[in-house]
Amino acid sequence: MNLAHLLERQALRAPARPALLRGTQVVASHGDWAASAAALAQRLRAAGLQAGDRVALFSRNHVRYAQWMLGCWWAGLVVVPVNARLHVQELRWIVDNAQARWVVHSADVLPEGAAALPGVARVLEIDSDEGGALLAPGESLPVTPRGPDDLAWLFYTSGTTGRPKGVMITHRNLMTMGLGYQVDVDAVSPDDAMVYAAPMSHGAGIYLVPHLMAGARHVVPDSGGVDPAELFALGAAVGPLSTFAAPTIVRRLVAHAEAASLTPEDCARAFKTIVYGGAPMYAADIQHALRVMGPRFVQIYGQGETPMVGTVLSRRDLADSAHPQHAQRLASVGVAQTPVRVQVAGTNGQPLPPGEVGEVLVQGDSVMAGYWRNETASAEALRGGWLWTGDMGCLDEAGYLTLKDRSKDLVICGGSNVYPREIEEVLLEHPDVAEAAVVGEPDPEWGERLVAFVVPAPGATLDTAALDALCLARIARFKRPKRYRVVQALPKNAYGKVLKTALREQLRGP
């Protein structure tokens with residue numbers, strides 16, 4: 001079970017079908033891509049790399065990123081995707097921890113090249129002539145046999161509370177994810193086009209797998225990133241795009257569609273499917289997105305530890321406004337995806353009845369093998385046959401999961417549990433609020449008190465008394481923030497997640 005067999009299969013079935021595009025330009029057919037993967041695999045093995053060795057990719061989005069992924073898998077190697085926005089010191093730590101033999105990078109994120117990574121066998125610029133020569137057709141290697149539990153993708157967590165952990169993702173894990181995408185998220189055809197605007201080092205990159213399964217096209221925009229105008233134009237030129245987008249990206253796409261006076265029909269010509277996840281998407285935001293862009297959206301919930309596989313809120317669920325539970329379901333992350341079981345459990349691991357809040361557990365063939373070189377963390381996360389996600393949530397009678405917060409973000413005020421997301425949902429109903437994040441700070445009387453950080457909408461002036469009145473009208477008094485801090489932006493990591501640890505540090509500061 002080697003993921004590279006997916007490419008080999010497509011090359012045999014339809015070698016001339018377009019596969020890799022830079023903007024509107026076809027760079028490689030499936031046959032070309034397979035030939036480059038086989039030749040790269042041969043050269044990697046000839047250079048001394050053995051099956052199971054790690055190759056780190058530290059690059060902005062690039063067509064060659066996909067070529068290196070498949071070439072490494074073809075050779076039986078493990079891809080270590082590193083967020084291109086990390087500092088070189090963070091890169092060094094990951095490369096050392098992963099014991100990566102090679103590092104492939106784009107010049108803009110590692111201008112020092114090999115000098116920045118002493119001790120690494122080879123450091124190569126992805127867009128260099130040397131990098132191109134390694135991808136050129138030549139002597140080829142047969143696809144290296146790999147077992148289902150052999151590593152394919154060593155993904156390092158964002159590390160917002162300490163050193164990142166290497167999540168060991170196997171060929172079985174990613175094959176399960178790809179098949180589940182076809183069943184639960186979106187049926188893919190050879191005419192489809194997956195665009196990589198979000199970082200290929202994260203969830204967007206592994207969505208290459210389900211689209212390769214179907215023989216679809218893989219498109220990297222000329223900018224290599226998120227430019228809403230470019231993406232809308234690209235979709236109109238090559239056919240409706242599918243993509244993965246964090247909620248921050250969704251908001252940018254929606255804002256562009258509004259500013260350009262695009263109708264939902266216009267949006268349908270640019271986008272087939274926008275899968276969103278990776279951070280909370282509040283009900284008010286998705287309702288707005290649906291009004292502006294139409295039924296283009298599917299929500300998924302997963303983690304690096306169960307990549308892109310957990311729950312799904314389908315296009316049908318999002319569009320079914322006549323359902324009596326529609327409002328509640330919009331605030332949920334949907335139901336368990338086909339390949340997994342999801343339950344909510346107490347601290348003893350026993351499942352809780354519908355409506356009760358506990359930790360979200362996931363079980364299935366998408367769940368990681370463990371954390372790289374970290375047996376203690378592996379034993380903590382994988383208990384009793386389940387992945388303990390660290391997320392808090394509750395299930396309803398129909399199996400829809402509503403997330404509350406990370407367990408560490410729970411605020412205990414006067415002995416009562418308060419989940420900040422519930423308050424954030426209310427604050428975002430106010431038209432003058434663009435973003436909101438609620439955290440707890442120490443309080444001598446109540447233990448903790450709630451502080452809301454709010455970002456005003458463009459051109460708006462926030463009236464905190466009005467926000468207070470809105471909260472009092474919608475939630476229990478003890479859940480109301482005790483103070484508000486108006487800020488121009490919320491601190492976020494490279495994937496768009498709000499860093500509540502940074503907000504708590506601000507409260508502890510001078």
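Me: In which sense do β24 and strand β25 pair, and over how many bridges?
Reply: In this predicted model, β25 covers residues 447-456. The bridges that join β24 to β25 number 10, and the sense of the pairing is antiparallel.

Me: What is the bridge partner of Pro442 in β25?
Reply: β24 spans 433-443. The residue of β25 that forms the bridge with Pro442 is Glu448.

Me: Which strands stand at the edges of the open sheet with the order β24-β25-β26?
Reply: The sheet has 3 strands with mixed pairing. A strand with a single partner has one side left without a neighbour in the sheet, so it stands at an edge. That is the case for β24 (433-443) and β26 (483-486).

Me: By how many degrees are neighbouring strands of this sheet turned against each other on average?
Reply: The strands concerned follow the order β24-β25-β26. With direction ignored, the average turn between neighbours is 25 degrees.

Me: Which helix packs on the sheet, and what angle does its direction make with that of β24?
Reply: The helix touches β24, β25 and β26, and it consists of residues 500-508. This is helix α18, and its direction makes with that of β24 an angle of about 55 degrees.

Me: Which helix gives the most to the largest nonpolar core?
Reply: The largest nonpolar core has 119 residues. Those with the most contacts inside it are Trp68, Leu70, Trp73, Met293 and Phe297. With 9 residues in this core, the helix that gives the most is α3 (residues 63-74).

Me: How many residues of α3 are buried?
Reply: Among the buried residues of α3 are Val63, Arg64, Gln67, Trp68 and Trp74. The helix is mostly covered, and the count of buried residues is 12 of 12.

Me: How far apart are the end C-alpha atoms of α3, and what span should its 12 residues have?
Reply: At 1.5 Å a residue, the 12 residues should span 16 Å. The distance between the end C-alpha atoms agrees with this, because it is 17 Å.

Me: Which residue with a positive phi follows α3?
Reply: The phi of this residue is near 80 degrees. The residue is Gly76.

Me: Which residues does Trp68 touch?
Reply: Trp68 is buried in α3. Residues up to four places away in sequence are not counted here. The residues touched are Leu40, Leu44, Leu57, Trp102, Val104, Leu124, Ile126, Leu134 and Leu135.

Me: With which side chain does the side chain of His62 make a polar contact?
Reply: His62 lies in the loop between β3 (54-58) and α3, and it counts as buried because its relative accessibility is 13%, under the limit of 20%. Leaving out residues up to four places away in sequence, His62 touches Arg22, Ile126, Asp127, Met200 and Val220. The polar contact, at 3.3 Å, is with Asp127.

Me: Is Asn97 buried or exposed?
Reply: Asn97 has its place in helix α4 (residues 88-98). Not counting residues up to four places away in sequence, Asn97 touches Tyr156, Trp372 and Arg373. Its relative accessible area is 15%, and buried means under 20%, so Asn97 is buried.

Me: How far apart in space are His256 and Phe232, C-alpha to C-alpha?
Reply: His256 is found in helix α10 (residues 247-259) and is partly exposed, with a relative accessible area of 23%. Leaving aside neighbours within four places in sequence, His256 is in contact with Pro228, Ala229, Phe232 and Leu262. His256 and Phe232 are 24 residues apart in sequence, and their distance in space is 9.1 Å.

Key:
Residues are numbered from 1 along each chain as its sequence is written. This is a predicted model: local features need pLDDT of at least 70, side-chain atom pairs count only at pLDDT 80 or more; totals for chains, interfaces and linings use all residues. Side-chain values use heavy atoms; hydrogens and water are left out. A nonpolar core is a set of buried Ala, Val, Leu, Ile, Met, Phe, Trp, Tyr and Cys residues joined through side-chain atoms within 4.5 Å. Buried means under 20% relative accessible area, exposed over 50%, partly exposed in between (1.4 Å probe, protein chains only). Helices (H or I, at least four residues) and strands (E, at least two) are DSSP runs, numbered from the N terminus. Contact means heavy atoms within 4.5 Å. A polar contact is a pair of N or O atoms within 3.5 Å; within protein, one must be able to donate a hydrogen and the other to accept it, and residues adjacent in sequence count only if both atoms are side-chain atoms. Two strands pair if DSSP finds at least two bridges between them. Axes are lines fitted to C-alpha atoms, for helices over the stretch in contact, and angles run from 0 to 180 degrees between N-to-C directions. The expected span of a helix is 1.5 Å times one less than its number of residues.
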